[in-house]
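Welcome! Below are some short exercises, each followed by a worked solution, so have the viewer ready and take them one at a time.

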Amino acid sequence: SNGISVKKEESFSQWYQEVVTKCELVEYYTEISGFYILRPSSMYVWNTIRAWFQSRIEQMGVEETSFPMFLSSKSLEKEKEHVEGFAPELAWVTKAGDKDLEVPVAVRPTSEAVMYPYYAKWIRSHRDLPFRLNQWNSVVRWEAKQTTPFLRAREFMWQEGHTAHLTEQLAEKEVLEILELYAGVYEQLLAVPVVRGRKTENEKFAGGYWTSTCEGFIPSTGRGIQGATSHALGQNFSKMFDITVEDPNQKGEKIFVWQNSWGLSTRVIGVMVMIHSDNKGLVLPPRVSKFQVVIIPVGLTAKTTTEVRENLAKQIQDLAGSLKENGVRTEVDNREGYTPGFKFADWEMKGVPLRLEFGPKDAANSVVTYSRRDTGLKGTIPLAEVGSQVPVLLEKIQQDMYDKANEEFTSHRLTLTDWAEVVPALNNRNVVVIPFCGEPSCEERIKETTKSDEHRELGPDGKPQPSMGMKSLCIPFDQPSGLVQGETKCLNPECGSLAKSWVMFGRSY
Ligand SMILES: O=C(C[C@H]1NCCC[C@H]1O)Cn1cnc2c(c1=O)CCCC2
Ligand SMILES: [Mg+2]
């Protein structure tokens, strides 16, 4: 059968690769490894996210732009100290046709180096600030690690916002506004809870000043996942690219502008799939589902008269009409030659949140039978109330999906003050919140000392992967109580420094 051949709870990464292809979200681009084709149902999710986010950043005054996808090694030179860490991921074009290019060009992995020489040209006066541009595009990073659809691809779609401000405070205000929008994409559209916080020195964007982040959690593996980042760049890039304005308070003085850059990518779709989908396939939150309801005729047999068939078909059309009038994205599956059972399994695989079954018996009772994709709960709704009850039921499905994921994240996020409990917690699919000193060297040691042979995840090939240690995920804005500055020690027993804050750590993607 074309069902999922492995169980989510047994072979998670194989399950994931089957779900995303069999539910028709993606197709593997087998010509070149690490690239994926996004099909209509994932483009629907992405376009819903894009419309939601675009309308809100427009309200903030962000304008749209489109820069070339190539950058020259000259402009790369300007930010070389932070790019050198990334150089292995750069894809280069060295020939056009059979002629070598004089100067090879790199495919953008991100667009700071492409855009900022022009920010230096365009931003002259403080009246040009705040200067805010966003572009929706795709970028290429030639990942060396194992790639997987949505979560780690060599080309992915995202938006990248790049803004400039007169002061650090104005920049900081925007960084956090954007982070809250990212959290909204996850929590309001994808029914995925995220923890908001700051990255540690070790995990922040090397070229930046500080990084704020939304951190997700995958219950099946107990691993954290970085969801989206909004970076305060400080004056690092304006000094690299000489982006200045005259100081409004001191004639003749120049101020390096304070910048932010923020990005959210199609990775968010992978997070949604990993959290909500099950052994029957995709489970879509109604707010991002191309079809929210599929109506399937049932109870028709060879003995059903033509009159009953036609009557039923008419009633189904009216049902669909009434749902569409109430803003419900509805599909009727009238395909001949397929049994209802086949259709149920097909639409369950595709993740449609709500199935309506309608047959002669239902018509006789003036009801429609529904089946929720997230819980499997079945019930009936009086025909006359479908137009009003189904939108309410869809909202309940959205909320229930969020609540379930939030309960799982909360119950697997353990605040610990005993180091001996850390590795067992990780091996029991938890992330931990611990007192931490913030020192990169301490964090590197923690990555090593929290590896455990007891816990080996199966890779996409079904073989056990090398155990991984935990890394810092974020310094949650929402800090637990009980840490006494100057007294509470970093939880790493090898460390001995004072703890600066509670930090969320976990094995991660
Ligand atoms: O891309 C960013 C920072 C920033 N870029 C714009 C959107 C927000 C944020 O992601 C960090 N970064 C990550 N990864 C890479 C690079 C890089 O700058 C450059 C080289 C290739 C790999
Ligand atoms: Mg990377």
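## Exercise 1: Val298 and its partner in space

Val298 sits in the loop that runs between β15 (293-297) and α9 (306-325). Helices here (DSSP H or I, at least four residues) and strands (DSSP E, at least two) are numbered from the N terminus. Before starting, note that this is a predicted model, in which local features need pLDDT of at least 70 and side-chain atom pairs count only at pLDDT 80 or more, while totals for chains, interfaces and linings use all residues. Residues are numbered from 1 along each chain as its sequence is written, chains are lettered from A and ligands numbered from 1 in the order in which they are written, and side-chain values use heavy atoms, with hydrogens and water left out.

**Task.** Decide whether Val298 counts as buried or exposed, then find how far Val298 is from Phe358 in space.

**Solution.**
- Step 1. Recall the cut-offs: buried means under 20% relative accessible area, exposed over 50%, and partly exposed in between (1.4 Å probe, protein chains only).
- Step 2. The relative accessibility of Val298 is 13%, so Val298 is buried.
- Step 3. From C-alpha to C-alpha, Val298 and Phe358 are 5.7 Å apart, although 60 residues separate them in sequence.

## Exercise 2: The surroundings of ligand 1

**Task.** Work out which residues are closest to ligand 1 and how much of its accessible area the protein covers.

**Solution.**
- Step 1. Count a residue as near if one of its heavy atoms lies within 4 Å of the molecule. The shell around ligand 1 has 15 residues, and the closest are Phe86, Glu89, Thr110, Glu112 and Arg141.
- Step 2. Look for polar contacts, pairs of N or O atoms within 3.5 Å (within protein, one must be able to donate a hydrogen and the other to accept it, and residues adjacent in sequence count only if both atoms are side-chain atoms). The side chain of Thr110 has an N or O atom 2.8 Å from a nitrogen atom of ligand 1. The side chain of Glu112 likewise places an N or O atom 2.8 Å from a nitrogen atom of the ligand. For Arg141, a polar side-chain atom is 3.0 Å from an oxygen atom of ligand 1.
- Step 3. On its own, ligand 1 has 480 Å² of accessible area, and the protein covers 91% of it. Such areas come from the Shrake-Rupley method with a 1.4 Å probe; for residues, only the protein chains shown count as cover.
- Step 4. Sort the shell by class: 5 residues are nonpolar, 6 polar and 4 charged. In this sorting, Ala, Val, Leu, Ile, Met, Phe, Trp, Tyr, Cys and Pro are nonpolar, Asp, Glu, Lys and Arg are charged, and the others, Gly among them, are polar.
- Step 5. Among the elements, β8 (155-165) and β14 (258-265) each provide at least two residues of this shell.

## Exercise 3: A cavity

**Task.** Find which helix gives the most residues to the lining of the largest cavity.

**Solution.**
- Step 1. On a 1 Å grid over the protein atoms alone, a cavity is a set of points where a 1.4 Å probe fits but cannot get out, a pocket is an open set with protein on both sides within 12 Å along at least five of seven lines, and lining residues have an atom within 4 Å of a point.
- Step 2. The structure holds 1 cavity of 30 Å³ or more, and the largest cavity has a volume of about 40 Å³. Grid points are joined across faces, edges and corners, and a volume is the space filled by probe spheres set on the points.
- Step 3. Residues lining the largest cavity include Glu168, Tyr209, Trp210 and Trp258.
- Step 4. The helix that gives the most is α6, with 3 residues.

## Exercise 4: Helix α8 and a pocket

**Task.** Explain why α8 is described as largely enclosed, and name the element with the largest share of the second largest pocket's lining.

**Solution.**
- Step 1. Helix α8 (residues 267-276) is largely enclosed by the rest of the structure because 10 of its 10 residues are buried.
- Step 2. The second largest pocket holds about 430 Å³ of space. It is lined by 20 residues, and the closest to its centre are Lys8, Ile275, Ser277, Lys404 and Glu408.
- Step 3. Two or more lining residues come from each of α8 and α12 (386-411). The largest share, 5 residues, belongs to α12.

## Exercise 5: Backbone angles

**Task.** Find which residues a cis peptide bond joins, and what phi Phe150 has.

**Solution.**
- Step 1. Most residues other than glycine have a negative phi, and most peptide bonds are trans.
- Step 2. Leu129 and Pro130 are joined by a cis peptide bond, with omega about -5°.
- Step 3. Phe150 has a positive phi, near 70°, and is buried at 5% relative accessible area.
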